[in-house]
Amino acid sequence: QIKIDADGLTFKGNTGGVATALDDYEEGTYTPVAKAGSTVISTTNQGTLYTKIGRQVNLSMYLIMGSSANISSISLPFTSVSSSNVRYAGAMASYNMPKSGNQYSPLIEQNSAVMGLWQMQNDTSAVTTWSVDSNSEVFITITYYTAA
């Protein structure tokens with residue numbers, strides 16, 4: 001059973017109060033900031049959307065890069081949960097990017113406000129930068145959890 005009380009929308013037997021109520025829903029857009037080290041890279045945000053339900057964030061991003069660079073991070077709308085051994089990987093597609101022959105996946109580390117890139121190469125993996133050209137298009141989807 002579902003009930004609505006002073007704690008919000010809760011399930012029968014819920015003893016967690018406000019912390020476990022189903023009253024935290026948000027959807028919107030934000031402007032991600034891409035960086036090469038500490039240098040901000042210009043981008044055209046073609047549509048960056050998120051839906052936050054409780055602590056879970058579903059993020060979809062489409063960016064066009066304004067210049068050639070080695071991207072090291074892209075900002076997130078919410079900081080990821082601070083918990084040991086937590087990483088979130090998503091899916092990425094690109095267009096008009098330099099070809100390197102490596103497989104990449106977006107990666108969010110614990111307690112992070114940015115997303116990096118995970119590179120798979122020769123049965124090893126590492127967090128790395130990725131090379132983009134002017135007008136490279138990047139499509140990313142990822143789901144992660146926030147601290148609150």
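Me: Which residues do ring pairs link into a cluster?

Reply: Start with the rule. Rings of Phe, Tyr and Trp (its six-membered ring) pair if their centres lie within 6.5 Å; planes under 30 degrees apart count as stacked, over 60 as edge-to-face and the rest as tilted. Here, ring pairs join Y30, Y50 and F78 into a cluster. The count by this rule is 5 aromatic pairs. In one of them, the ring centres of Y88 and Y145 are 6.2 Å apart and the planes stand at 45 degrees, so that pair is tilted.

Me: What kind of model am I reading?

Reply: A predicted one: local features need pLDDT of at least 70, side-chain atom pairs count only at pLDDT 80 or more, and totals for chains, interfaces and linings use all residues. Residues are numbered from 1 along each chain as its sequence is written, and side-chain values use heavy atoms, with hydrogens and water left out.

Me: How many helices and strands does the chain have?

Reply: Both come from DSSP runs, numbered from the N terminus: helices are H or I runs of at least four residues, strands are E runs of at least two. This chain has 0 helices and 17 strands.

Me: What share of the residues is buried?

Reply: Buried means under 20% relative accessible area, exposed over 50%, partly exposed in between (1.4 Å probe, protein chains only). Of the 148 residues in the chain, 33% are buried. Take the tilted pair again. Y88 counts as buried, at 13% relative accessibility. Y145 counts as partly exposed, at 35%.

Me: Which residues touch the most other members of the largest nonpolar core?

Reply: In soluble globular proteins, nonpolar side chains tend to be buried together. A nonpolar core is a set of buried Ala, Val, Leu, Ile, Met, Phe, Trp, Tyr and Cys residues joined through side-chain atoms within 4.5 Å. The largest one here has 27 residues, and L59, M61, I71, I74 and M115 touch the most other members. Strands 8 (56-65), 9 (69-71), 14 (114-121), 16 (130-132) and 17 (137-145) each give two or more residues to this core. Strand 8 supplies the largest share, 5 residues.

Me: What does L59 touch beyond its sequence neighbours?

Reply: Contact means heavy atoms within 4.5 Å. Not counting residues up to four places away in sequence, L59 touches ten-odd positions I will sample: among them Y30, Y50, M115 and I142.

Me: Where does strand 17 pair, and in which sense?

Reply: Two strands pair if DSSP finds at least two bridges between them. Strand 17 runs antiparallel to strand 8, with 9 bridges joining the two. In that pairing, N58 has T143 as its bridge partner. Strand 17 also pairs with strand 12 (residues 91-95), again antiparallel, over 5 bridges. There, A91 stands opposite T141.

Me: Which residues is F139 in contact with?

Reply: F139 is in strand 17. Leaving aside neighbours within four places in sequence, F139 is in contact with M61, Y62, A91, M92, A93, S94 and Y95. F139 counts as partly exposed, at 33% relative accessibility. Its C-alpha is 6.7 Å from that of L63, although the two are 76 residues apart in sequence.

Me: Which side chains of strand 7 are buried?

Reply: In a regular strand the side chains alternate between the two faces of the sheet. Strand 7 (residues 49-53) shows the alternation: Y50 and K52 point to one face and are buried, while L49, T51 and I53 point to the other and are not. Strand 7 pairs with strand 3 (residues 25-29) in the antiparallel sense over 5 bridges, and E26 stands opposite K52. Strand 7 is also joined to strand 8, antiparallel, by 5 bridges.

Me: What does the charged end of K52 sit over?

Reply: A charge sits over a ring if NZ of Lys or CZ of Arg is within 6 Å of the ring centre and within 35 degrees of the ring normal. The charged end of K52 sits over the ring of F78, 5.5 Å from its centre.

Me: Where is N135, the non-glycine residue with a positive phi?

Reply: Most residues other than glycine have a negative phi, and most peptide bonds are trans. N135 has a positive phi of about 75 degrees, and lies in the loop between strand 16 and strand 17. N111 has a phi near 50 degrees, also positive.
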